[in-house]
Amino acid sequence: MRASARLSDLVVGLTPAQLAMTVEAFFATLEWSPKRLDPALLSAEAFLDAL
Amino acid sequence: MRLTDLPIQPQEPSLPVVPVPPMALDALSDEALDALPYGVICLDPDGRILRYNLAESRLARLDRNQVLGRAFFGQVAPCTATPEFQGRFASFHAPGASAPSLQFEYVFDFKFGAQVVDVELFRSASPGRTYVVINRRKFLPQRPVPARTLAPRQADLAPDEVRLGVLRDAGERRRVRVSPLLFASLRASWERVAPKGWGLFSDEWGFQFGRLAVVDLETIVLEKSDRTMRELPMKQVIELVSDYLASEGWGRLTVDFSPAGDGAIVLKLERGAIAEAVGISELPRCHLLAGFFRAIFCHLANKLIVVRECACRSQGFDACSFVVVSQERRAALEEAIEAAEGDVPRVLTLVGSRS
């Protein structure tokens, strides 16, 4: 899967389980996870809101 | 309640997260006006200054004590003695005028530069009083305007104050040089009067001090970037706060962001002035700085944030460590600090497992 692939291009016709796996794979290609908080990128308000 | 009955752990105060309705300015104390991040001036019908908040004092670089009672248009801000400002103020007060507010854009001309501002005039509930609310939008170099129209410097208003023992910094804020021993003597006084009260008192003191420092920090950010602290990257804000504390002699602040995914960050203060002043202690002693950090983080997050010192240089640790968590993790953090006895990684593990 290409990192630049759009999520909306991937999800049409998938079952919920396939969708979950696709989302996980998509994040993996970006080497990013929803729990990762980058203080150099996130604004102070957004960073602290995620604590 | 007797002083000796005071609890050790500070309570989290309510935090005003909703902007103050301008019509309510009259009801605010001077202390509450000072916590607002924008300029507020109260004028009588003749334009004489009745109230002047901290943000305005900081941004205009004028000491409130020197402007109260003076003529705003004639003495303090001659750049506003124009039809576009003073004329609108007069119309706002003209017989029969009843509009509750009037908004316009203006440019203030100071001797240290110009400021593009949004001005809003509000009719006070007290007859004849007008509140002038000023939001800075942009900072410019000094403009080529007649010298007589430039707002005066602090030294113009009080030329003799150096002889009278008044010290000021580059921003014309008054300074008092004190030794950290002041904190040692203050703590010793609490030990004599109310040993359990020190933590509560100094945390609240630090919180109130931090709220005022926020105004100062926001001004620094605004002058440099036309943005607010909340909008800046978290790392940049921490560097700003760290430099601010170091420039005032409090020690060097660094932050470990790595536990953020588990809901905490750790502030580390090296060579902390309070910890080194109060002497050897069994318990953390930098409640004042914990309160200070709490005010900064509550402001940044726009919600309640908890900051607790879990290891202190006064206990023999290399540096003072403060753990920052959301209000929801407060109880877990306090239990973890109690159990971990200064072991910061263990505090983080416990907080993560109990949340």
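Biologist: Hello! How many residue pairs are in polar contact between chain A and chain B?
Modeller: Happy to help! This is a predicted model, where local features need pLDDT of at least 70, side-chain atom pairs count only at pLDDT 80 or more, and totals for chains, interfaces and linings use all residues. Side-chain values use heavy atoms, leaving out hydrogens and water. A polar contact is a pair of N or O atoms within 3.5 Å; within protein, one must be able to donate a hydrogen and the other to accept it, and residues adjacent in sequence count only if both atoms are side-chain atoms. With both residues at pLDDT 80 or more, the count between chain A and chain B is 7.

Biologist: On the side of chain A that touches chain B, how many residues are nonpolar?
Modeller: Ala, Val, Leu, Ile, Met, Phe, Trp, Tyr, Cys and Pro count as nonpolar, Asp, Glu, Lys and Arg as charged, and the others, Gly among them, as polar. On that side of chain A, 3 residues are charged, 1 is polar, and the nonpolar ones number 8.

Biologist: Which residue of chain A forms a salt bridge with B:Lys303?
Modeller: A salt bridge needs a side-chain nitrogen of Lys or Arg within 4 Å of a carboxyl oxygen of Asp or Glu. The rule finds 1 across the interface of chain A and chain B. Its closest N and O atoms are 3.7 Å apart, and the partner of B:Lys303 is A:Asp49.

Biologist: Why is the pair B:Phe108 and B:Phe110 called by its name, edge-to-face or stacked?
Modeller: Rings of Phe, Tyr and Trp (its six-membered ring) pair if their centres lie within 6.5 Å; planes under 30 degrees apart count as stacked, over 60 as edge-to-face and the rest as tilted. The rings of B:Phe108 and B:Phe110 have centres 6.1 Å apart and planes at 90 degrees, so the pair is edge-to-face.

Biologist: Is B:Phe112 buried or partly exposed?
Modeller: Buried means under 20% relative accessible area, exposed over 50%, and partly exposed in between (1.4 Å probe, protein chains only). B:Phe110, which stacks with B:Phe112 at 4.8 Å centre to centre and 15 degrees between the planes, counts as buried at 4%. B:Phe112 has 25% relative accessibility, so it counts as partly exposed.

How values were computed: Residues numbered from 1 in each chain as written. Chains lettered and ligands numbered in written order.
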